[in-house]
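Here's a small set of exercises to help you find your way around a new structure. Try each task with the viewer open, then read through the solution.

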Amino acid sequence: MTTIRAQDCTLMISGNVVDTDTHDGLRDANIFLEGTQNGTISDDEGYFEIKNLCEGDYHLVISHVGCEPHYLFVELYQDTILHLHLDHAHHVLEGAVVSGQSSKSTTQTVQVLNEQKILDDINENLALQLEDITGVSILRSGSSIAKPIVHGLYGNRLTILNNGIAQSGQQWGNDHSPEIDPLVANKIKVIKGVSGLEYPGSNLGAVILVEPKRIGNEPHLHGRVSYFFETNGFGHGLNAQIQQQLPRFSWKLNGTYKRSGDRSTPDYLLRNTGGQEANMALQLEKNWSDASSLNVYFSSFNTDLGVLRGSHIGNLTDLEAALQQEIPFFTSDTFTYRINPPKQKVGHQLAKLNLKHFLNDSQWLDFTAAAQFNNRKEFDVRRSGRSDIPALSIQQFTYFLEGKYQQEWDSGWSLKTGMQFNLIDNTNNPETGILPLIPDYYSYEVGTYAIARLKQRRLTYEFGARYDNIIQNVATFTDDVPREVVQYNEVYHNFGLSSGFNLKLNEHLSLDYNLGYASRNPGINELYSSGLHQGVSGIEEGDVNLVPEYALKSTLSLAGNVRERFSFESLLYYQDIRDYIFLRPTGDVRLTIRGAFPVFRYEQSHARIWGWDAMMFYQLNEPLSIKATYSFIQGDDLTNNEALIYIPSNQLSGVLKYNISKWKGLENLAFEITNKYVFRQDRITDEQDFVAPPDGYYLLGLETSTDIQFSKTRLRILFKVDNALNTRYRDYLNRQRYFADDWGVNATLGLTLRF
Amino acid sequence: MNQKIQSLVLLFGLAMLPFVFTSCEKDPEPPIEEEVITTLTYTLTPTGGGNAVIFRFQDLDGDGGNAGTITNGTLAANTTYTGSMELLNESETPAEDVTEEINEEDEEHQFFFQVTTPDVTIGYADVDGNNNPVGLATTVTTGAAASGTMTVILRHEPNKDASGVSDGDITNAGGETDIEVTFTLDVQ
């Protein structure tokens, strides 16, 4: 025990708080010392000081209106000066930021969801969370199955990195969600430009990065617990995260459990649309010296998802009957959490080991080894008790290795180069008793890349190249009986080239341009699919003669920021894809004992996708701000002279926000009104779909949130209402639209306690 | 190169070994497709005696591959027949009798008959545990000579209580179609 003498309590913490992006001083920032009653507010220039502190350990909370709170641990034994940077939560666009000091370090257009935003949307899955970013849409199959679309590309063409590792599962399926828990992440980034060549996978589309933050320097056990409840589907869930830095290593543990029952439209319950999810992630960090560090990461994702009972149909006649129904078949008035077939049961495990070694201050090496295990089972309504036997059951094991070298020179040049190996082992379990749609295969992938970057005061220039060699070893079955195994061995070479620059025109304006050329080999599903895809009631046929597709993409973005008051970003993109592979209705109908089924075949066309993403933020006065976004996209099949299917509708949204820094005991009190209008996708002709695309629709959202600082804890309360007018609508990109309306009103209460 | 880097490179090399040694081929076993229905045989026997008339759809390789073959029959005018339905999975040896499965789950199944041939009526001659029709046994009556088609549909999990369904009207039935086959039905 040490007795505190009066003369010990003469220490001072002072410093300034600035906006990370603009480097402007932030006034009225709250600086609070947890466990004491001590605190202060920054002055007009962002400066603050807290006097008469005793020697000891302090936990600081720095918060500012519209910013994500910053947490800091300080061992105080002398007067200390802190320079604090706060991220602005309402500037979801990182690209819209022009740094006052120097040009940014990438020429890519990047948009970010931060931790607070992720937790505020705790009831949503990864794709739904991403929908808040301009230019990102989602392809849904009912209530809980959703996958992101960025600039019109998705599935095989979109790379999702979970903690640096390319997510490997059955991405080809339009009704397969990415198996990632967004609540594990502290940051989700979307690189919308010509995607970074350093990432494995397809180079044609955007890259989505789901990133857990590094563990802080906090010697005490800290964490957060979040809980939510939502009225639609009576969903609720819990997420907890704890972390600590021990003398030998640091650790962080994150866990999530979510459950919901039947969702509802404004008029009726959607039978069998509940879901259940249990996830966990463990992160370990060890530093041997300043030069070497080891990172170990393990995550487990497990979910059961119900599929709308009325959307499970037999043949074309059934589909036509279902399309005629105002309310889907099998609709029931009784709410239940129970999930029956048709349903999906998916597990995804990831283990990752990363070793970083600095040779000196400007050169370092990075090694990663990762293993993923994806297990997907889909259950259909089947005869004679077979509903308990999955109709689709696939295991995929992925083994990944990467070596990276980076060097920086004083001249402003930097080089990043590396090599990657990837092995995919895909196996169908014969338990299904059904001929598999996707064959068993091995895929060996070896890739290498180099990216050079020159960073000057106003200009950053980047050039990169990538080569991949892919060997596919596939075993399919013959169409006729007796079934025989047919082996295919294919070798593909993929090339990627990209270049771009970022130019800081003046203090407020920044220009990015990117140009990329890349090839993508045909996917396993595109080459070898064969058989009935029950979910879409069609026979899908691959084509072993498909050739790789080649894409040229360019993006041009202009971003501006005038102090705290006004910011904007405008992004234009144009993508030309030769031999674009897609599933096209052939117009043929195949007669089987189960009746007639339409036949879809993978074909290649010359495709063009272009569009415009725009965002504008304006602070009208102290508490009141508006944010408006617009995204326009058009996709054309130039060979067949028609529109591409599954291209998102154009969207317009506006958010009016009233945000005050402090009111009584409430900090960062905000009220938000969200208006969203989705236009009708009117470029699709009747021959391209079973029914015409639905009408455009308007949705109103309301949200209020606040933080409360207690002595040692901080509580965030959020209440939001989605589809507040209980609007009846159907969305073009939701495949459930053939059968049922979309969700009605949903009110969500969210609580997060930090300790 | 210092020792640390050498050991890192060695580690990387070791980690690559699985790629070198796993170049083998997949050799999957074909699944046993026990749920498939390959053959539908609808046998109509005249109640007054005489030769049975057979309607058959057979598709041994399932949904893909070759198309199925259809055998049509011709009925006599002004005659009453006893109809009996048989479903087989002939992709297995010996062939599996799917009719039994339907019989065991008769509350979840119902056959529907859509006939365009004038004066031909098909009525149910069996019931499930809830006194609703199934359609494995039927009664067929013909009128004057005419020609047209007969579509046989088997629905899984129909709503038998919905309006008209137990009378053989498929409109409000819902459920999934397990079988839908159209035959030429001529009456001479």
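Leaving aside its neighbours within four places in sequence, which residues is Leu130(A) in contact with?

Before the solution, some housekeeping. This is a predicted model: local features need pLDDT of at least 70, side-chain atom pairs count only at pLDDT 80 or more, and totals for chains, interfaces and linings use all residues. Residues are numbered from 1 along each chain as its sequence is written, while chains are lettered from A and ligands numbered from 1 in the order in which they are written.

**Exercise 1: Solution**

Step 1. Start with the rule: two residues are in contact if their C-beta atoms, placed from the backbone, lie within 7 Å.

Step 2. Apply that to Leu130(A), skipping neighbours within four places in sequence, and you get Val136(A), Pro148(A), Ile188(A), Val190(A) and Ile208(A).

Step 3. Now zoom out to the largest nonpolar core, which has 75 residues. Such a core is a set of buried Ala, Val, Leu, Ile, Met, Phe, Trp, Tyr and Cys residues joined through C-beta atoms within 7 Å. Buried means 20 or more other C-beta atoms within 10 Å of a residue's own, exposed means 12 or fewer, and partly exposed is in between, with C-beta atoms placed from the backbone.

Step 4. The residues with the most contacts inside this core are Leu130(A), Leu161(A), Val190(A) and Ile208(A). A second, separate core of 35 residues includes Ile37(B), Val120(B), Phe183(B) and Val187(B).

**Exercise 2: Work out the strand order of the 4-stranded open sheet in chain B, and say which strands stand at its edges.**

Step 1. List the elements: chain B has 2 helices and 11 strands. Helices (H or I, at least four residues) and strands (E, at least two) are DSSP runs, numbered from the N terminus.

Step 2. Put the strands in order: 4-11-10-7, with mixed pairing. For two strands to pair, DSSP has to find at least two bridges between them.

Step 3. Look at the ends. Strand 4 (73-75) and strand 7 (109-115) of chain B each have a single partner strand, so one side of each is left without a neighbour in the sheet.

Step 4. Check the twist: neighbouring strands are turned by 30° against each other on average, direction ignored. The axes here are lines fitted to C-alpha atoms (for helices, over the stretch in contact), and angles run from 0 to 180 degrees between N-to-C directions.

Step 5. Take one pair up close. Strand 7 and strand 10 (residues 146-156) of chain B run antiparallel over 7 bridges, and His109(B) sits opposite His156(B).

**Exercise 3: Is Thr43(B) buried or exposed, or something in between?**

Step 1. Find Thr43(B) in strand 1 (residues 39-46) of chain B.

Step 2. Count: 16 other C-beta atoms lie within 10 Å, so Thr43(B) is partly exposed.

Step 3. See what it touches. Not counting residues up to four places away in sequence, Thr43(B) is in contact with Ala52(B), Ile54(B) and Ser84(B). The C-alpha atoms of Thr43(B) and Val53(B) are separated by 5.8 Å, with their positions 10 residues apart along the chain.

**Exercise 4: Describe the open sheet of 4 strands in chain A.**

Step 1. The order is 3-2-5-6, with antiparallel pairing.

Step 2. Strand 3 (39-41) and strand 6 (70-76) of chain A are the edge strands, each pairing on one side only.

Step 3. Neighbouring strands in this sheet are turned by 20° against each other on average, direction ignored.

Step 4. Strand 5 (residues 56-63) and strand 6 of chain A pair in the antiparallel sense over 7 bridges, with Ile62(A) partnered by His70(A).

**Exercise 5: How many residues does each chain give to the contact between chain A and chain B?**

Step 1. Chain B supplies 45 residues and chain A supplies 50 residues.

Step 2. On the chain B side, helix 1 (3-21), helix 2 (98-104) and strand 11 (176-187) each give two or more residues. Helix 1 of chain B provides the largest share, 7 residues.

Step 3. Sort the chain B side by class: 17 nonpolar, 10 polar and 18 charged. Here Ala, Val, Leu, Ile, Met, Phe, Trp, Tyr, Cys and Pro count as nonpolar, Asp, Glu, Lys and Arg as charged, and the others, Gly among them, as polar.
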